[in-house]
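The exercises below ask you to read a fold from its sheet, its cores and its charged pairs. Each task is followed by a solution that goes step by step.

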Amino acid sequence: MVWQRTLDGPYGAPAQNYRKYDILLLIGLGIGATPFISILKDLLNNIKSNEEMQSMHDTELGCSFKTNGPGRAYFYWVTREQGSFEWFKGVMNDVAESDHDDVIEMHNYLTSVYEEGDARSALIAMVQSLQHAKDGVDIVSGSKIRTHFARPNWRKVFSDLANAHKNSRIGVFYCGSPTLTKTLRDLSIEFSSTTTTRFHFHKENF
């Protein structure tokens, strides 16, 4: 008997082609946020580089500088553990401090706390709001990005993006457990067929 071995691949990560989209929707569950941190860092470096290039063009040429790649990015990080926010606190603060044009919009969600508006989470929400107003730091994440409680309303997220970015191509990148895959895929299909915005869904499960 002759054994035959074959190699299949290589395959790149789903988020490798993110630059071809107008807008990005990045969704990470728990440790699933990890692959998107490099994208955020890349976008942040582009922001800083583009600001320098724009300044040079304005000064030397008197014309505008056109940037390439996504014009906006929305990052949703959903986790049960408050301590998880320590992993990327530096990146979150860097985004908050350097992104003067609000190119990157970050949303942290802590699912182990009752949703905002629930009486059971009223106290922590009040303290959180006061602390953030006082020194600009979120007491939950320890960063400048404010934390929301419970889970995102994904239908509202897609609806808001479709209304805000009509006639745009939005790359939806998800990394996390398979439980959310069908919901995000179905919403991508639904809003692509009922609005002028096209959502392209990519996933990486673990």
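## Exercise 1: a covered strand

Strand E1 is mostly covered, since 7 of its 7 residues are buried, where buried means under 20% relative accessible area, exposed over 50% and partly exposed in between, with a 1.4 Å probe and protein chains only. The model is a predicted one, in which local features need pLDDT of at least 70 and side-chain atom pairs count only at pLDDT 80 or more, while totals for chains, interfaces and linings use all residues. Residues are numbered from 1 along each chain as its sequence is written, and side-chain values use heavy atoms, with hydrogens and water left out.

**Task.** Determine which residues of E1 point each way, and which strands E1 pairs with.

**Solution.** Step one is to sort the side chains: Ile-23, Leu-25, Ile-27 and Leu-29 point one way from E1, while Leu-24, Leu-26 and Gly-28 point the other way, and all are buried. Helices (H or I, at least four residues) and strands (E, at least two) are here DSSP runs, numbered from the N terminus.

Step two is to find the partners, given that two strands pair if DSSP finds at least two bridges between them. E1 is joined to E2 by 7 bridges, and the two run parallel; within this pairing, Leu-29 stands opposite Val-78 of E2. E1 also pairs with E5 in the parallel sense, over 6 bridges, and there Gly-28 has Cys-175 of E5 as its bridge partner.

## Exercise 2: the whole sheet

**Task.** Establish the order of the strands in the sheet, and explain why E4 and E6 each have one side without a neighbour.

**Solution.** Begin with the order: 6 strands form an open sheet, E4-E3-E2-E1-E5-E6, with parallel pairing. Strand E4 (147-149) and strand E6 (198-205) stand at the edges and have a single partner strand each, so one side of each is left without a neighbour in the sheet. The twist from one strand to the next averages 20 degrees, angles running from 0 to 180 degrees between the N-to-C directions of axes that are lines fitted to C-alpha atoms, for helices over the stretch in contact.

Next, look at the pairing of E4: 3 bridges join E3 to E4, which run parallel, and Asn-108 has Thr-147 in E4 as its bridge partner. Finally, add a helix: H5 (residues 181-194) packs on the sheet, where it touches E1, E5 and E6, and its direction makes about 165 degrees with that of E6; contact means heavy atoms within 4.5 Å.

## Exercise 3: the cores and helix H4

**Task.** Identify the residues that touch the most other members of the largest nonpolar core, and then work out how the buried residues of H4 are arranged.

**Solution.** A nonpolar core is a set of buried Ala, Val, Leu, Ile, Met, Phe, Trp, Tyr and Cys residues joined through side-chain atoms within 4.5 Å. The largest has 27 residues, of which Leu-24, Leu-26, Phe-75 and Ile-104 touch the most other members. Helix H1 gives the most to this core, with 7 residues. Apart from this core lies another, of 22 residues, which include Tyr-76, Trp-154, Leu-161 and Leu-187.

Now turn to helix H4 (residues 154-164), whose buried residues are Trp-154, Val-157, Phe-158, Leu-161 and Ala-162. They cover an arc of only 130 degrees around the axis, which puts them on the same side of H4; the arc is that of the directions from the helix axis to the C-beta atoms. These buried residues pack against E1, E2, E5, H5 and E6, whereas the face turned away from the buried side carries the exposed residues Asn-163 and Ala-164.

## Exercise 4: charged pairs

**Task.** For the salt bridges of Arg-19 and Lys-182, find the partner of each.

**Solution.** The structure holds 5 salt bridges, each being a side-chain nitrogen of Lys or Arg within 4 Å of a carboxyl oxygen of Asp or Glu. Arg-19 pairs with Asp-42, with the closest N and O atoms 2.7 Å apart. This pair links distant parts of the chain, as Arg-19 lies in the segment before E1 and Asp-42 in helix H1, 23 residues apart.

Lys-182 forms its salt bridge with Asp-186, the closest N and O atoms being 2.6 Å apart. Because they are 4 residues apart in helix H5, Lys-182 and Asp-186 are separated by about one helical turn. Lys-182 counts as exposed at 56% relative accessibility, while Asp-186, at 34%, counts as partly exposed.
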